[in-house]
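This report walks a new reader through a protein model. Please look at the sequence and the structure below before reading on.

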Amino acid sequence: MAQNNLNQKLKNNLGSTTLAELGEIELINRLSQFMDTNQIENDTALIEPLKNEKLIINTDVLVENIHFSDKLSTPSDIGWKAITSNLSDLTCSGATKFLYFTIALIAPSSTSWKWVEGVYSGINEALKKYGGKLIGGDCSNGKQKILSITAIGSQGPIELNRSNAKAGDLIVSCGPHGLSQVGLLTLQNEDEIINLFSNSLKHIAIKSHRRPRPSVEALEALIRSMPNSCLKVAGTDSSDGLLEAVKSICRSSNCLAVLDQDNLPKHSYWPNNRDLDHLCLLGGEDYELIICLPKNLANKLINEFPQSKIIGYMRKGEPKVIWKSGSEIILKNNLSFKHF
């Protein structure tokens, strides 16, 4: 039923005015409703300087049929995801304030205004929830839809960086993994796999795929649980998958990671089936915070943020990831996201 409703919404969008019919000037005028007054009067945007604060800047690109599909998500879902994926990058670098965003929109001239309006409505929803202002961008005709977001945030008291891990640190996942991938497979009707999951989990998974959330609360809990003397922590997000997140910390910190296969971060509704571990490890787009901490601080974080879970530890050795048993992690199903 939900899929039928989505298809109807998508059909309704097709009959509206196209960008070719609107023209650039009218498109920009309509987009101005999502920004402060007079924000589009110049080709640049003035940013107020912040005293004693360090800025973190991130650019992320969402490409049609690679990062999103109109067949599976509504325009507002796509706009929401465009912002929250950037917020996740800022969060996993330690940003506690989200300040400004610019958007470059590329779309075929046949694209309907309703689609664009829906995307920007989703963007506006995310900004209202998490903070920040849309201050401009650019638009152009192109063969496929592309959204390029530049996000600017302010660094908080903790510097999160992949290179800060040390041998002996425990690896902590601040949320479950695999949900977004299960949601995608459900929307694609991959029956062989999705039949192994309950309807309750699939409902949660679809929402996780369409409306991901950055680990803002996890970062806030980390800050509350840390002593003032500890300002550098190893961390990243799992946008490209849990396993890839851990591998990236290993490479940057020159450490070996040991994962506990019996303690992977899965949702409580997740089936007890080892054959599904590849979805948890490789699925991607879960946007959870993955951090490495000494044992005492890891336990403090778990007390402060019960959704978090210790999934392994770092030790000296070749920068790679192995199981606690000492064996290599070999997965038959390779879902790892590839940018090229």
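Rings of Phe, Tyr and Trp (the six-membered ring of Trp) are taken as a pair if their centres lie within 6.5 Å, and planes under 30 degrees apart count as stacked, over 60 as edge-to-face and the rest as tilted. By that rule the structure holds 3 aromatic pairs. This is a predicted model, in which local features need pLDDT of at least 70 and side-chain atom pairs count only at pLDDT 80 or more, while totals for chains, interfaces and linings use all residues. Residues are numbered from 1 along each chain as its sequence is written, and side-chain values use heavy atoms, with hydrogens and water left out.

Helices (H or I, at least four residues) and strands (E, at least two) are DSSP runs numbered from the N terminus, and two strands pair if DSSP finds at least two bridges between them. One open sheet consists of 4 strands in the order β1-β4-β2-β3, with mixed pairing. Because β1 (55–63) and β3 (133–141) stand at the edges with a single partner strand each, one side of each is left without a neighbour in the sheet. Neighbouring strands of this sheet are turned by 15 degrees against each other on average, direction ignored; here axes are lines fitted to C-alpha atoms, for helices over the stretch in contact, and angles run from 0 to 180 degrees between N-to-C directions.

Helix α4 (residues 75–91) lies across β1, β2 (95–107) and β4, and runs at about 145 degrees to β1, where contact means heavy atoms within 4.5 Å. Helix α5 (residues 113–130) also packs on the sheet, touching β2, β3 and β4, and its direction makes about 175 degrees with that of β2.

A second open sheet has 7 strands in the order β5-β7-β9-β6-β10-β8-β11, again with mixed pairing. Its edge strands are β5 (159–160) and β11 (321–323), each of which pairs on one side only. Helix α10 (residues 242–253) lies across β6, β7, β8, β9, β10 and β11 and runs at about 145 degrees to β7, whereas α9 lies across β5 and β9 (289–293), at about 20 degrees to β9.

Some strand pairs of the two sheets are set out here.

| Strand pair | Bridges | Sense |
|---|---|---|
| β1 and β4 (residues 146–155) | 9 bridges | antiparallel |
| β6 (residues 170–173) and β10 (residues 309–315) | 4 bridges | antiparallel |
| β8 (residues 256–259) and β10 | 4 bridges | antiparallel |
| β5 and β7 (residues 232–237) | 2 bridges | parallel |

Single residues can be placed within these pairs: I56 stands opposite G153 in β4, L170 has Y313 in β10 as its bridge partner, L256 stands opposite R315 in β10, and L160 stands opposite V233 in β7.

A charge sits over a ring if NZ of Lys or CZ of Arg is within 6 Å of the ring centre and within 35 degrees of the ring normal. In this sense K129 lies over the face of Y130, at 5.6 Å from the ring centre, and K145 lies over the face of W115, at 4.3 Å from the ring centre.
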